[in-house]
Amino acid sequence: MCGIVGYVGPKQAFPILMKGLYRLEYRGYDSAGIALIDGDLKLYKTKGKVSDLENFVKDKDTTGTIGIAHTRWATHGEPNNTNAHPHYSQSKNLAIIHNGIIENYASIKEELMKRGYHFESDTDTEVLIHLIEDIRNNEKVSLDEAVRIALNQVVGAYAIVVISKEDPDMLVAARKGSPLVIGIGDDDFYLASDATPIAEYTHDVVYLDEEEVVCVRKNRKIKIKTITNKDKTAYVQKLEMNLGQLEKGGYDHFMLKEIYEQPHSILDSMRGRVNAKKGIVKLGGISDYEQKMANADRIIIVACGTSWHAGLVGEYLFEDLARVPVEVEYASEFRYRNPIITEDDIVIAISQSGETADTLAAIELAKSKGATIIGICNVVGSSIARATHAGTYTHAGPEIGVASTKAFTAQVTILTLMALRIAHMKGTIEKSRFHRILNELEAIPEKVKETLKVDNQLKELARVFTYTRNFLYLGRGYNFPVALEGALKLKEISYIHAEGYPAAEMKHGPIALIDKEMPVVVIATNKGTYDKVMSNIQEVKARKGKIIAIVTKGDKDVKKLADYVIEVPETEELLVPLLATIPLQLLSYHIAVMRDCNVDQPRNLAKSVTVE
Ligand code: G6P
């Protein structure tokens, strides 16, 4: 959601800001804009894509060595040219970009209107810039001080950047609940919602903390204060991100590239953490808390979207291996239903972006009740990674496609390692099983590579089902979350209605939908409840549904019944999600491409959901 970029330094800002906006497109947005200072404070914005903005400014003056740029995902006011950011202050001396929501904007607006302020847009953001200007004029303070004072009056979440025509060498930014990263170059500064627009210029970054205001000026040191006016020292970290990770590298879409990266991303998630020969699973990030995890009477997993599906796999893993009860909660439900949390609880928060507002709020709630919070995040330095007591990064590399693919398999990999580690400590897993699973885990990246060979088969299948209106996905046990994830992938990017169901539950409702038009994807790999799934397939067949079955290599029985069969290599039952998910990702991808959908940026969706 909303992308922020800022630049100040000796270079021309426009190309840096535009490239930054393109890099942030993946977050999801509906309009874009830019403001530059070169004597004048120029502001250009438009509904639509970053390319529309680029066309719009073609014949305009885009000079200036300082500027801010924004991609907006509408919250207050429809996506149109006026509501797009940046927004001017009343005098047009200041401009602001904002990610987040100012919850008390209505009361501030009313107050400002009484004092003669006019509003052009329907946004909460315009209220904030008028307030900053009002404070600056009335209290005769510097811009950073005016921003700080204004933020003390604000309820809500924000990452903002403000520039002033009267101070054309300075960017003032602040955050609370929405992310902001500062890149420190040789003689310039880059600001952005995440590190992707920054990585090609500098690897020295500062992640702004909650309720901090930063002021960066050309050729000066970075200055950080809290909104309560305490000076802070900037903690400069090294960014581990390379340009190749941010480009499509010959693939048509980021999503396809990310699907194909999975042999590596899974390996990277395990690197240095598993040694099958020595029988070791080691997760350095949680070592101080693993005893507490082993002693826990229950684990609560909180997450949203695809990460929630990974959490469901986690439930099966922890209960199966470590014999500890697990509850998997949608973060948004958990936080609003007065949950029972104690100091003995372990809460595992899973998030690719590390910025999902509901997950972050669920963490804060659980923390306030004394629970221990363990994170599983992909984005290093993200808000969730920093809000947790300890955690394990997935190390899947930047995920740009809005539909999550490699992050999911990396999350499942980490959950497998965590469950194995705790099981080993508790002695709830037999030695032979422990060693067998470790050996199999090490073989998984190769098996993922093998699984990817079904790509052409799925392309063919996508041709058959391009214009189908409904899909049902069925699975049991470890394959139930896989069914949910398969259905989510399809609806996210192809806009086909799809439902995931526990296979046995089908007869309690969805079976009413089955006729010869209805494709049913069944994950029917050879372990666990295979025989039961066979019966469910029979039930679909009896009603003339079309069966697409994901089976284990060499399967004979399902083949006799299914209309289409996709094979995945044999593996341990608990590792099947790492393989069975892949054909489902590819099926969604090819159907979406054939329907001419925007695969990487599906309508209405955002990669990083920073509002509740
Ligand atoms: C959005 C994304 C999904 C993601 C979910 C949770 O809806 O489009 O792909 O699964 O947020 O995001 P997180 O970053 O917390 O995993």
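This section describes two sheets, the helices that pack on them, a ligand site and one tyrosine in a predicted model.

Strands of a sheet pair through backbone hydrogen bonds, either parallel or antiparallel. Both arrangements occur in the sheets described here, with antiparallel pairing in a sheet of eight strands and parallel pairing in a sheet of five.

The eight-stranded sheet is open, and its strands follow the order β3-β2-β4-β1-β10-β9-β11-β15. Its edges are formed by β3 (40-47) and β15 (237-238), each of which pairs on one side only. Helix α1, comprising residues 13-24, packs on this sheet and touches β1, β2 (31-38), β4 and β10 (189-192). The direction of α1 makes about 160° with that of β1. Within the sheet, strand β1 (residues 3-8) runs antiparallel to strand β4 (residues 66-72), and six bridges join the two. One of the residues involved is G6, whose bridge partner in β4 is I68.

The five-stranded sheet is also open, with the order β19-β18-β20-β21-β22. Here the edge strands are β19 and β22 (390-393), each pairing on one side only. From one strand to the next, the twist averages 20°. Strands β18 (residues 299-303) and β19 (residues 326-330) run parallel and are joined by five bridges; I300 has E327 in β19 as its bridge partner. Together with helix α9 (residues 305-322), β18 and β19 make a right-handed β-α-β unit. Helix α9 lies across β18, β19 and β20 (346-351), and runs at about 175° to β19. Towards the other edge strand, β21 (residues 372-377) pairs with β22 in the parallel sense over four bridges, and G375 stands opposite G391 in β22. A further helix, α13 (residues 406-426), lies across β20, β21 and β22 and runs at about 140° to β21.

The ligand is surrounded by 14 residues, of which the closest are S307, S351, Q352, S353 and T356. Of these, S307 belongs to the range of helix α9 (residues 305-322), and S351 to that of β20 (346-351). An N or O atom in the side chain of S307 is 2.5 Å from an oxygen atom of the ligand. Backbone atoms also take part in such contacts: a backbone N or O atom of Q352 lies 2.7 Å from a ligand oxygen atom, and for a backbone N or O atom of V402 the corresponding distance is 3.2 Å.

Residue Y289 is located in the loop between β17 (280-281) and α8 (290-295). Because its relative accessibility is 24%, Y289 counts as partly exposed. Leaving aside residues up to four places away in sequence, Y289 touches T372, I374, H389 and A390. Among these contacts, T372 and I374 fall within β21 (residues 372-377), while A390 falls within β22 (390-393). Y289 and Y22 are 267 residues apart in sequence, and their C-alpha atoms are 40 Å apart in space.

Helix α7 (residues 262-270) has a set of buried residues consisting of Q262, P263, S265, I266, S269 and M270. These buried residues pack against α6 (254-260), β16 (274-275), α13, α14 (431-451) and α19 (576-594). Helix α13 is thus shared by two of the arrangements described, as it lies across β20, β21 and β22 and is packed against by the buried residues of α7. After α7 comes G272, whose phi is positive, near 75°.

How values were computed: Residues numbered from 1 in each chain as written. Predicted model: local features only at pLDDT ≥ 70, side-chain atom pairs only at ≥ 80, totals over all residues. Heavy atoms only, no water. Buried < 20%, exposed > 50% of the residue type's maximum accessible area, 1.4 Å probe, protein only. Contact = heavy atoms within 4.5 Å. Pairing = 2+ DSSP bridges. Right-handed = clockwise from strand over helix to strand, strands pointing away. Axes fitted to C-alpha atoms, helices over the stretch in contact; angles between N-to-C directions. Near = heavy atom within 4 Å. Polar contact = N/O pair within 3.5 Å; in protein donor to acceptor, adjacent residues only side chain to side chain.
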